[in-house]
Amino acid sequence: MKPDTQSDRFQALDACHQQIHEHLEKLTGVLEQIQAGADEAQYRDAVRVIEAFFSATARQHHADEEKDIFPKLLASDNAELVHAVRTLQQDHGWIEQNWLELAPMLRAIADGEDWVDLAELLHNVEVFLALMHDHIVLEETLIYPEAKGQFAVELAARAQRMTT
């Protein structure tokens with residue numbers, strides 16, 4: 001029997017959220033090292049990994065949500081749910097905009113370049129962390145449970161049709 005792709009998709013999205021949490025923690029740790037004046041060699045590789053993750057995996061994660069999760073929820077007659085999904089879509093835009101400013105700074109640090117303004121870096125990292133944390137909370141407390149609930153109803157209806 002073929003595994004249900006929607007169920008697999010939720011597992012992949014949940015796993016990516018866990019990875020996002022881990023990379024945000026790493027970014028926070030790197031920020032603390034930078035502020036403490038640590039030698040760049042101590043955090044350069046971590047910065048490279050963080051930048052690569054958010055430039056590729058996290059961006060794809062947002063694209064997957066836009067394609068696979070949000071459309072059915074936007075069709076809901078629940079105004080609060082639709083508003084939350086619209087908020088998340090707007091968040092994706094803000095996160096992307098912030099990332100486009102932050103990523104080159106992180107790449108420069110990873111490459112040992114010295115042009116990055118510390119105050120600007122700190123500001124962009126703080127904004128990014130806040131955007132990501134707030135975004136994930138809304139997804140994990142409202143959007144994903146609702147989407148998973150809809151999926152469970154669809155599976156039950158499909159099973160019922162197959163037995164009749």
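## An all-helix chain and its packing

The protein chain has five helices and zero strands. Keep in mind that this is a predicted model. Reading from the N terminus, the order of elements is simply α-α-α-α-α. Laid along its principal axes, the C-alpha trace of the protein chain covers about 70 × 35 × 20 Å. The chain has 164 residues, and 36% of them count as buried. If you take the contacts between residues at least 6 apart in sequence, 77% of them link residues at least 24 apart.

### The nonpolar cores

A bit of background first. In soluble globular proteins, nonpolar side chains tend to be buried together.

Here, the largest nonpolar core holds 31 residues, and Ile 20, Phe 54, Leu 121 and Phe 128 are the ones with the most contacts inside it. Helix H1 (5-35), helix H2 (44-55), helix H4 (79-110) and helix H5 (118-163) each put in at least two residues of this core. The top contributor is H4, with nine residues. Apart from this core there is another one, of 13 residues, and its members include Phe 10, Ile 69, Tyr 144 and Ala 147.

What does Leu 121 touch, once its neighbours within four places in sequence are left aside? Its partners are Ile 34, Leu 102, Met 105, Leu 106, Ile 109 and Val 116.

### How H2 sits against H3 and H4

Two numbers do most of the work in this part. Two packed helices are described by the angle between their axes and the distance between the axes.

Start with H2 and helix H3 (residues 57-74): their axes come within 3 Å and cross at roughly 20 degrees. H2 and H3 are therefore roughly parallel to each other. On the H2 side, the residues that meet H3 are Ala 52, Phe 53, Phe 54 and Ser 55, while H3 brings Thr 57, Ala 58 and Arg 59. Sorted by type, the residues of this H2 and H3 contact come out as four nonpolar, two polar and one charged.

Now for H2 and H4: the axes come within 8 Å and cross at roughly 150 degrees. That angle makes H2 roughly antiparallel to H4. As for handedness, the crossing of H2 and H4 is left-handed. H2 makes this contact through Arg 44, Val 47, Arg 48, Ile 50, Glu 51, Phe 54 and Ser 55, and H4 through Trp 99, Ala 103, Leu 106, Arg 107, Ile 109 and Ala 110. By type, the residues where H2 meets H4 are eight nonpolar, one polar and four charged.

Phe 54 of H2 is worth picking out: it is among the residues with the most contacts inside the largest nonpolar core, it meets H3, and it also takes part in the contact with H4.

### Four side chains up close

Here are four residues to click on, with their relative accessibility.

| Residue | Relative accessibility | Counts as |
|---|---|---|
| His 23 | 9% | buried |
| Glu 51 | 10% | buried |
| His 92 | 8% | buried |
| Trp 94 | 42% | partly exposed |

His 23 belongs to helix H1. Its contacts, with neighbours within four places in sequence left aside, are Val 49, Ile 50, Phe 53 and Phe 54. Because its relative accessibility is 9%, under the 20% cut-off, His 23 counts as buried.

Which residues does Glu 51 touch, not counting residues up to four places away in sequence? Glu 51, which lies in helix H2, touches Trp 99, Ala 103, Leu 106 and Arg 107. Those four partners are also on the H4 side of the contact with H2.

Moving to helix H4, that is where His 92 is found. Neighbours within four places in sequence aside, His 92 is in contact with His 62, Glu 65, Glu 66, Phe 70, His 135 and Glu 139. How far apart in space are His 92 and Ala 63, C-alpha to C-alpha? The two are 9.0 Å apart in space, with their positions 29 residues apart in sequence terms.

Trp 94 is found in helix H4 as well. With a relative accessibility of 42%, Trp 94 counts as partly exposed. Trp 94 and Ala 56 are 38 residues apart in sequence, and their C-alpha atoms are 17 Å apart in space.

Note on methods
Residues numbered from 1 in each chain as written. Predicted model: local features only at pLDDT ≥ 70, side-chain atom pairs only at ≥ 80, totals over all residues. Heavy atoms only, no water. Core = buried A, V, L, I, M, F, W, Y, C linked by side-chain atoms within 4.5 Å. Buried < 20%, exposed > 50% of the residue type's maximum accessible area, 1.4 Å probe, protein only. Contact = heavy atoms within 4.5 Å. Axes fitted to C-alpha atoms, helices over the stretch in contact; angles between N-to-C directions. Parallel < 35°, antiparallel > 145°, perpendicular 65-115°, else oblique. Nonpolar A, V, L, I, M, F, W, Y, C, P; charged D, E, K, R; others polar. Left-handed = near helix turned anticlockwise from the far one by under 90°.
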